[in-house]
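Here is a short report on a structure with two chains. Please look at the sequence and the model first, then read on.

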Amino acid sequence: MSIIVQLMLLFLIVCAIAVCVTKSLLTSVVIYMAYSMIMSVIWITMESPDLAITEAAVGAGITSLLLFLALKKIHAIDARNEVRRQHAEVKRGGDEHGEE
Amino acid sequence: MAKNNWLTRMNDWLSDEEGALERTMEAAQEQEAAPDIEQLTPAEIRWAQEELEEEKRIEARMKDWTEKTASPAARVVYNLMCVLVCVTMIGLLLYTVTALPAFGDPNHPINNEVSARYIEKGLQETGAVNIVTGMILDYRAFDTLGESSVLFTAAMVVLFLLRKDKESAKYSQLAKAMEDNPHSDTYYEPKNDIILQKTATILVPIVLLLGVYVVLNGHLSPGGGFSGGAIMGAGLILYVTAFGFAKMRRFFTYKTYQRIVLVALLTYAISKCYSFYTGANHIESIIPLGTPGAILSSGLILVLNICVGFIVTCTMYCFYAVFRKGEL
């Protein structure tokens, strides 16, 4: 095995751990996409281009899209929610400290 | 009359030029001016605050529950057990990996008479240069029919659960609440994004063409029905993300989906069901195998590849559309 393949395998391990450790679900899905892309390159080095095409299209493309949609359904990636939350925090903080 | 309709619509679609894009953009921006983040109404701020407080209440209750229901000794035991189970599992898996034969080892147990037969006689018997396709669409074509049916069933279940129509708001309180609630995720359509639209104009034809190439050359080069179908499905998803559902419905509606998938599955099933009547023995195909390497070769494999490609494309797009909006 060449050094490049070893590096890519190391990257897979790092990605797998990072997916578990990250707090944000959105970041987890993006890391999962990176994992799939590197995995498809590894499939090519293992001489199975059939699997590489499927991995790139399904793993990195459609599965991640469906995960994004699921996150949207549970309001995990609505940017407006985040902004509203900050507004509410600021407002409440202001109330507590008697400013404004 | 119907044909005329279809032709005019096709013509409209083909003659769609620069001006139309800008016009739809302006119209869309006038129609769906989503509420601005900066200008929050007092009601919205109250809503956000209530949500925050609810979250904090739930967190406090959870902490309470975990602290009260288990004694400290039991909690220590639970934690120890968790660590123990995880370490055992990791150890077992690592041990199994070390016991596997090396990659590319000629004495590998999977290198038995079955794979030898596929490699030596595959080209002769199936006519497919790509041995993988010869395997999954000739020797094991029945398995692939099962896989296509599983995809179809999954799409049906997603449609049952998530599809909305005119009636659903009348009968389901949840659907009505989702339509009325301004914070529901179906309320915000993505605004027309000029960067996304220009990129999609360049990329979508290339992606679709690549998908068609992979499907049609499934018996000659790497790929096949499933991978090509997934690529085409991704192309359709990119198109609908950039241009919206109104444009997509001009050539792909729920009816189109039903017809394409039904015809593709039936074609597949009919062209493979003869295995039942011959006692699951393989008989000679009436379609000649042709010269290996030519595009029109390898008998039924090309037809089956196209069927699988259609099913996968439609199912992928259907998943996306139903998840996103609840309708095709």
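Start with helix 7 of chain B, whose buried residues are Ala141(B), Thr144(B), Leu145(B), Ser148(B), Leu151(B) and Ala155(B). A residue is buried if 20 or more other C-beta atoms lie within 10 Å of its own, exposed if 12 or fewer, and partly exposed in between, with C-beta atoms placed from the backbone. Helices (H or I, at least four residues) and strands (E, at least two) are DSSP runs, numbered from the N terminus.

Seen down the axis of helix 7 of chain B, the buried residues fall within an arc of 120°, so they line one face of the helix. The arc is that of the directions from the helix axis to the C-beta atoms. An α-helix has 3.6 residues a turn, so residues three or four places apart point the same way. The face turned away from the buried side of helix 7 of chain B carries exposed residues, including Phe142(B), Asp143(B), Val150(B) and Phe160(B). Helix 6, helix 13 and helix 15 of chain B are among what covers the buried residues of helix 7 of chain B.

**The model and its confidence**

This is a predicted model: local features need pLDDT of at least 70, side-chain atom pairs count only at pLDDT 80 or more, and totals for chains, interfaces and linings use all residues. Residues are numbered from 1 along each chain as its sequence is written, while chains are lettered from A and ligands numbered from 1 in the order in which they are written.

The model scores ipTM 0.77 and pTM 0.72. Chain B averages a pLDDT of 78, and 76% of its residues score at least 70. pLDDT is the predictor's confidence in each residue, from 0 to 100. Among the elements of chain B, helix 10 has the highest mean pLDDT, 92, and helix 2 (residues 18–31) has the lowest, 55.

**The two chains**

Chain A has four helices and zero strands. Chain B has 15 helices and zero strands. Buried residues make up 18% of the 100 residues in chain A. In chain B, 22% of the 328 residues count as buried.

Two residues are in contact if their C-beta atoms, placed from the backbone, lie within 7 Å. Take contacts between residues at least 6 apart in sequence. In chain A, 41% of such contacts, between residues at least 6 apart, join residues at least 24 apart. In chain B, 74% of contacts between residues at least 6 apart join residues at least 24 apart.

**Helix lengths**

The expected span of a helix is 1.5 Å times one less than its number of residues.

| Helix | Residues | Expected span | End-to-end C-alpha distance |
|---|---|---|---|
| Helix 3 of chain A | 25 residues | 36 Å | 35 Å |
| Helix 7 of chain B | 22 residues | 32 Å | 32 Å |
| Helix 4 of chain B | 28 residues | 40 Å | 41 Å |

Helix 4 of chain B is hardly covered, with zero buried residues among its 28.

**Helix 3 of chain A and the core**

Helix 3 of chain A bends by about 30° at Glu55(A). The bend is the angle between axes fitted to the seven residues ending at a residue and the seven starting there. Glu55(A) is one of the buried residues of helix 3 of chain A, and so is Ala57(A). The buried residues of this helix pack against helix 2 (25–45) of chain A together with helix 6, helix 10, helix 11 and helix 15 of chain B.

A nonpolar core is a set of buried Ala, Val, Leu, Ile, Met, Phe, Trp, Tyr and Cys residues joined through C-beta atoms within 7 Å. The largest nonpolar core has 50 residues; among those that touch the most other members are Ala57(A), Ala230(B), Leu304(B) and Tyr317(B). The elements that give two or more residues to this core include helix 3 (49–73) of chain A and helix 11 (225–243) of chain B. Helix 15 of chain B gives the most, with 17 residues. Leaving aside neighbours within four places in sequence, Tyr317(B) is in contact with Gly233(B), Leu236(B) and Ile237(B).

**Two single residues**

Leu208(B) lies in helix 10 of chain B. Leu208(B) is partly exposed, with 18 other C-beta atoms within 10 Å. Not counting residues up to four places away in sequence, Leu208(B) touches Met232(B) and Gly235(B).

Glu47(A) lies in the loop between helix 2 and helix 3 of chain A. Glu47(A) is exposed, with 9 other C-beta atoms within 10 Å. Its phi is near 60°, a positive value in a residue other than glycine. Most residues other than glycine have a negative phi.
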